[in-house]
Amino acid sequence: MKTRRAWRATEREAAKREAAESGSARIPGLLAAGAGALRGRLGWAVASVLVLVLGFVGVSLFAGSDGPGTPPDTRARAYQDYDACLLTDEQGIVTGAPAAPVWEGMQAASLDKRIRVTFVPVMGEKSVENARPFLNGLVQRDCEIVVASGAPQVAAAEAAVERNPKVRFVTVGEAGGAAHDNLVRVAPGASLKDDIAATVKRLAREG
């Protein structure tokens with residue numbers, strides 16, 4: 001026959017076993033609930049990041065698009081680039097060469113940021129026939145303004161005026177010969193540098 005003390009001890013042991021079993025049973029449930037909560041938070045975090053990224057991409061595409069409602073860049077409209085190309089004899093633009101003041105005038109004109117200047121010396125025979133391929137090369141390079149210095153170069157340039165109406169030609173020499181809308185003759189002299197600078201800038205403005 002069990003005593004009251006024995007019954008109580010038995011009841012306490014049974015309660016401990018029940019608590020241990022119920023605690024063990026709760027662990028998987030708690031882990032599952034925690035994993036579900038973690039998955040929920042992670043899902044919300046991933047979704048939030050995706051929304052932000054897609055929003056940023058959409059704003060970037062909209063800002064970079066040139067749709068019909070987007071006003072044009074006024075700076076691009078106001079400033080157009082011009083290439084002014086100088087054709088010289090084989091001495092080029094060294095100090096003392098006939099084309100040196102011409103080149104200085106073109107460089108002064110290039111301070112206007114719309115104008116780029118380059119030069120090409122004609123090497124070899126001093127003749128119009130030899131200068132012509134060099135001149136054609138400048139035209140094919142899309143030089144809007146072609147400046148010629150030296151008798152063969154000037155003759156080659158003036159012979160090409162009618163065939164290239166969209167090119168503005170500037171020749172250095174005495175006035176004479178037929179007049180053309182796309183040909184300007186500049187006389188040599190002390191003011192040659194300033195005259196070339198003013199002429200090239202004016203032609204660039206006129207387009």
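## Starting with two neighbouring strands

Let's begin in the sheet: strands β4 and β5 run parallel to each other and are joined over four bridges. One place to look is valine 170, whose bridge partner in β5 is valine 184. Keep in mind as you click around that this is a predicted model.

On its other side, β4 also pairs with β3, again in the parallel sense and over four bridges. Here valine 146 sits opposite phenylalanine 169 of β4. To get from β3 to β4, the chain passes through helix α5, and this β-α-β crossover is right-handed.

## How covered is β4?

How many of the five residues of β4 are buried? The count is five of five, so to speak a strand that is mostly covered, and buried here means under 20% relative accessible area. Both faces are covered. Arg168, Val170 and Val172 are buried on one side, while Phe169 and Thr171 are buried on the other.

## The whole sheet

Now zoom out. In what order do the five strands of the open sheet line up? The order is β2-β1-β3-β4-β5, and the pairing is parallel. The edges belong to β2 (115-121) and β5 (183-186), each of which pairs on one side only. From one strand to the next, the twist averages 20 degrees.

As a bit of background, strands in a sheet pair through backbone hydrogen bonds, and they can do this in a parallel or an antiparallel way. Over at the β2 edge, strand β1 (residues 82-88) and β2 pair in the parallel sense over seven bridges. Tyrosine 82 is one residue to find there, with isoleucine 115 as its bridge partner in β2.

## Helices on the sheet

Helix α4 (residues 128-140) packs on the sheet and touches β1, β2, β3 (145-148) and β4 (168-172). Its direction makes about 170 degrees with that of β1.

You have already met helix α5 on the way from β3 to β4. This helix covers residues 151-160 and lies across β1, β3, β4 and β5. Compared with β4, helix α5 runs at about 150 degrees.

## An aromatic pair

The structure holds one aromatic pair. It is made by tryptophan 103 and phenylalanine 119, which meet edge-to-face, 5.3 Å centre to centre and with 65 degrees between the planes. Why does this count as edge-to-face? Because the angle of 65 degrees is over the cut-off of 60.

The two partners come from distant parts of the chain, 16 residues apart: tryptophan 103 belongs to helix α3 (residues 100-109) and phenylalanine 119 to strand β2. Are they buried or exposed? Tryptophan 103 has 11% relative accessibility, so it counts as buried. Phenylalanine 119 has a relative accessible area of 33%, which means it is partly exposed.

## The chain as a whole

Finally, the big picture. The protein chain has six helices and five strands, and along the sequence they follow the pattern α-α-β-α-β-α-β-α-β-β-α. Of its 207 residues, 29% count as buried.

The accessible surface of the chain comes to about 13,800 Å², and carbon and sulfur atoms make up 60% of that. As for contacts with a separation of 6 or more, 55% of them are between residues 24 or more positions apart.

Key: Residues numbered from 1 in each chain as written. Predicted model: local features only at pLDDT ≥ 70, side-chain atom pairs only at ≥ 80, totals over all residues. Heavy atoms only, no water. Pairing = 2+ DSSP bridges. Axes fitted to C-alpha atoms, helices over the stretch in contact; angles between N-to-C directions. Contact = heavy atoms within 4.5 Å. Phe/Tyr/Trp six-rings, centres within 6.5 Å; stacked < 30°, edge-to-face > 60°. Buried < 20%, exposed > 50% of the residue type's maximum accessible area, 1.4 Å probe, protein only. Areas by Shrake-Rupley, 256 points an atom, 1.4 Å probe, with all protein chains shown as cover. Right-handed = clockwise from strand over helix to strand, strands pointing away.
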